[in-house]
Amino acid sequence: DHSDLRTLRLLGKKVIVQFVGSDVRVDALFRADCIKHGLHYVDYGLPKDETDYADKLNYVRAAEQYADLVISWADHGQLAAMPYAVEPFFFMDLAAYTPDFAQRKTPVVCHAPSRRAFKGTAEILRRCEPVLVEGVPHADALKRYAEADIIIGELHGQGGGMLAREAMALGKVVLTACDPNYPTGQDYGPMVHITPRTLAATLDWISEDWPRRQRLAFEGRKYV
């Protein structure tokens with residue numbers, strides 16, 4: 001019931017809340033927001049109507065009431081009733097991620113969907129055959145990311161999320177939806193933007209361009 005936020009404030013503690021995506025995102029509202037920004041390629045995979053998001057709304061309002069700072073991201077800010085610190089970063093302990101920048105000439109490609117529909121997994125599997133990482137403990141997932149060269153993130157949510165940051169921290173190349181028009185002017189660093197239409201061609205050229213993959217791998221860790 002998020003009463004811990006109120007308790008912390010009563011104890012005189014500073015409270016920082018960071019929203020990370022599906023904890024507060026309402027897919028139907030996000031879809032409408034994307035289409036408003038011209039990102040029509042999300043239309044095939046997101047619901048047009050969604051009414052069961054009372055828990056998410058309660059969480060958002062509790063954070064707005066009790067937090068000193070709310071950090072969010074554009075693709076899951078549809079329930080906001082006040083301005084947030086909109087930042088494309090996540091709190092991470094980089095010491096927990098040992099990078100390996102050695103890109104293979106023939107890359108191993110990985111995709112790790114937490115929610116297949118939202119991540120666009122069906123569309124991804126129509127266009128390539130990545131190693132799938134799902135339904136395993138987080139520590140095991142990190143080991144599998146570390147064994148890959150390229151990580152395919154998602155085709156809907158913009159900016160790559162936590163998966164993209166973990167992949168870049170490990171020295172991997174990230175292909176994910178990170179449209180420069182959502183929001184305009186956002187710095188997505190070395191992440192490579194993909195849509196359902198461009199995924200196959202992008203994967204082809206980046207697989208062939210070994211020097212660029214090496215450069216992106218190094219830039220990704222610096223970005224994170």
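Three strands make up an open sheet here, ordered E1-E2-E3, with parallel pairing. E1 and E3 are the edge strands, each pairing on one side only. Keep in mind that this is a predicted model. Besides the sheet, the points below cover a helix with many buried residues, including Tyr59 and Val60, a nonpolar surface patch of about 380 Å², and a set of eleven salt bridges.

**The sheet, strand by strand**

- Start with E1 (residues 16–18) and E2 (residues 69–72): they run parallel and are joined by three bridges.
- Ile16 has Leu69 as its bridge partner in E2, and Gln18 is partnered with Ile71 in E2.
- On to E3 (residues 85–86), which pairs with E2 over two bridges, again in the parallel sense.
- Ile71 turns up here too: its opposite number in E3 is Ala85. That puts Ile71 in the bridge pairing with Gln18 as well as opposite Ala85.
- As a general reminder, strands in a sheet pair through backbone hydrogen bonds, and they can do that either parallel or antiparallel.

**A nonpolar patch on the surface**

- Four residues, Ile16, Leu69, Phe89 and Phe91, make a nonpolar surface patch of about 380 Å².
- Two of these patch residues, Ile16 and Leu69, are also bridge partners in the sheet.
- Phe89 sits in the loop between E3 and strand E4 (109–111).
- Phe89 counts as partly exposed because its relative accessibility is 35%, which falls between the 20% limit for buried and the 50% limit for exposed.

**Helix H3 and what covers it**

- H3 spans residues 54–66, so 13 residues in all, and its first and last C-alpha atoms are 18 Å apart, close to the 18 Å expected at 1.5 Å a residue.
- Its buried residues are a mixed bunch: Lys56, Tyr59, Val60, Ala62, Ala63, Glu64 and Tyr66.
- The cover over these buried residues includes helix H1 (3–10), plus strands E1 and E2.

**Salt bridges**

- The count for the model comes to eleven salt bridges; three of them are picked out here, starting with Asp68 and Arg9.
- Asp68 and Arg9 meet through their side chains at 3.8 Å, N to O. Asp68 is in the loop between H3 and E2 while Arg9 is in helix H1, so this pair ties together parts that lie 59 residues apart in sequence.
- Both ends of that pair are partly exposed: Asp68 has a relative accessibility of 39%, and Arg9 has a relative accessible area of 34%.
- Arg9 and Asp68 also belong to a salt-bridge network that takes in Lys14.
- Lys36 and Asp33 form another salt bridge, with their closest N and O atoms 3.5 Å apart. These two are three residues apart in helix H2 (residues 27–36), so about one helical turn separates them.
- In general, an α-helix has 3.6 residues a turn, so residues three or four places apart point the same way.
- The two partners in H2 differ in cover: Lys36 is exposed, with 65% relative accessible area, whereas Asp33 is buried at 16%.
- The side chains of Glu134 and Arg116 also meet in a salt bridge, at 2.5 Å, N to O. Glu134 is in the loop between strand E5 (131–132) and helix H6 (138–146), and Arg116 is in helix H4 (residues 116–119), so the pair links parts that are 18 residues apart in sequence.
- Glu134 is partly exposed, with 32% relative accessible area, and Arg116 is partly exposed too, at 39%.

**Ala141 in helix H6**

- Ala141 lies in helix H6 and is buried, with just 5% relative accessible area.
- Setting aside neighbours within four places in sequence, Ala141 is in contact with Val133 and Val136.
- From Ala141 to Ala200 is 59 residues in sequence and 24 Å in space, C-alpha to C-alpha.

How values were computed: Residues are numbered from 1 along each chain as its sequence is written. This is a predicted model: local features need pLDDT of at least 70, side-chain atom pairs count only at pLDDT 80 or more; totals for chains, interfaces and linings use all residues. Side-chain values use heavy atoms; hydrogens and water are left out. Two strands pair if DSSP finds at least two bridges between them. Helices (H or I, at least four residues) and strands (E, at least two) are DSSP runs, numbered from the N terminus. Patches are made of residues with over 30% relative accessible area and no salt bridge: like charges are joined within 9 Å, nonpolar side chains (Val, Leu, Ile, Met, Phe, Trp, Tyr) within 5 Å. Accessible areas come from the Shrake-Rupley method with a 1.4 Å probe; for residues, only the protein chains shown count as cover. Buried means under 20% relative accessible area, exposed over 50%, partly exposed in between (1.4 Å probe, protein chains only). The expected span of a helix is 1.5 Å times one less than its number of residues. Contact means heavy atoms within 4.5 Å.
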